[in-house]
Amino acid sequence: MKLILSSILFFALAALGTALEAQEPTRVRGTISALDGNVLSVTSGGGKKASIQLADKTVIVFTQPITLADIKPGDFLGVTSMKRADGTLTAYEVRRFPKPVSPGHRPFDGRDDQTMTNATVGAMVQSASGRELTMTYDGGSQKIVVPENASISTLVPGSRSQLVPGAPVNLTARAEDGGKLTAIRIQVSPPK
């Protein structure tokens with residue numbers, strides 16, 4: 001009897017684990033190709049297309065462009081950078097967040113030549129190589145050069161009216177209702 005109960009418990013826990021794994025959010029990055037009712041069509045940089053359902057609970061945030069002068073020591077930023085051969089980090093995207101999110105420094109998109117640094121601005125100086133941010137987080141710090149052509153923005157509440165063709169999006173979605181992806185959170189930027 002104990003063996004049967006143990007087997008049932010094992011299979012129930014395994015099924016629960018599989019169900020929880022299936023609910024893990026999926027990240028989708030790309031450009032909006034269309035919005036038809038509650039279906040957002042997104043095309044990735046590789047040409048892959050995804051259809052994402054919008055729900056009443058979908059959170060939309062907009063990347064409002066700002067200047068580097070708008071950023072002050074103590075602000076919390078997410079900085080996506082390219083790593084040069086000499087180890088220098090050069091930002092191509094700087095986002096100011098209203099509150100800290102996943103502090104630290106790590107590879108971005110699984111690539112060794114790109115990094116994501118989510119940290120607090122410790123200092124901002126003009127150096128020989130350009131404008132430089134010193135970013136601090138528990139256990140470390142990074143110096144990141146911010147060139148003139150880097151995208152700099154702050155996250156503000158967004159709306160469905162900003163989900164237009166040509167707008168870049170970075171979203172998280174969950175598989176629901178037979179595998180259809182439903183957006184949890186959409187970060188949308190102005191069309192380029």
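How many of the 192 residues of the protein chain count as buried, as a percentage? The share is 36%, and the legends below take a friendly walk through this predicted model.

**Figure 1. The whole protein chain combines one helix with 13 strands.** Reading along the sequence, you meet the helix and then the strands, in the pattern α-β-β-β-β-β-β-β-β-β-β-β-β-β. Take the contacts between residues at least 6 apart in sequence: 57% of these join residues at least 24 apart. As for the surface, the chain exposes about 11,300 Å², and carbon and sulfur atoms supply 57% of that area.

**Figure 2. A close-up of the aromatic pair shows Phe76 and Phe97.** A search of the whole structure finds one such pair. Its ring centres are 6.2 Å apart and the planes meet at 40°, so the pair is tilted. For this class the angle has to be neither under 30 degrees, which would count as stacked, nor over 60, which would count as edge-to-face. Phe76 belongs to strand β5 (residues 76–83) and Phe97 to strand β6 (residues 89–97), so the pair ties together parts that are 21 residues apart in sequence. Are these two rings on buried or exposed residues? Phe76 is buried, with a relative accessible area of 6%, and Phe97 also counts as buried, at 17% relative accessibility. Both assignments follow because buried means under 20% relative accessible area.

**Figure 3. Strand β11 pairs with β4 and with β6.** Strand β4 (residues 59–65) runs antiparallel to strand β11 (residues 151–157), and five bridges link them. One place to look is Pro65, whose bridge partner in β11 is Ser153. With β6, the strand that carries Phe97, β11 pairs in the parallel sense over four bridges. Here you can pick out Val94, which has Ile152 as its bridge partner in β11.

**Figure 4. This view centres on Asn170 in strand β12 (residues 168–176).** Which residues does Asn170 touch, leaving aside its neighbours within four places in sequence? They are Arg27, Val28, Arg29, Arg185, Ile186 and Gln187. With Arg27, the side chain of Asn170 also makes a polar contact of 3.0 Å. For a further distance to check in your viewer, try Val42: its C-alpha atom is separated from that of Asn170 by 9.8 Å, while the two residues are 128 residues apart along the chain.

Definitions and conventions:
Residues are numbered from 1 along each chain as its sequence is written. This is a predicted model: local features need pLDDT of at least 70, side-chain atom pairs count only at pLDDT 80 or more; totals for chains, interfaces and linings use all residues. Side-chain values use heavy atoms; hydrogens and water are left out. Helices (H or I, at least four residues) and strands (E, at least two) are DSSP runs, numbered from the N terminus. Buried means under 20% relative accessible area, exposed over 50%, partly exposed in between (1.4 Å probe, protein chains only). Contact means heavy atoms within 4.5 Å. Accessible areas come from the Shrake-Rupley method with a 1.4 Å probe; for residues, only the protein chains shown count as cover. A polar contact is a pair of N or O atoms within 3.5 Å; within protein, one must be able to donate a hydrogen and the other to accept it, and residues adjacent in sequence count only if both atoms are side-chain atoms. Rings of Phe, Tyr and Trp (its six-membered ring) pair if their centres lie within 6.5 Å; planes under 30 degrees apart count as stacked, over 60 as edge-to-face and the rest as tilted. Two strands pair if DSSP finds at least two bridges between them.
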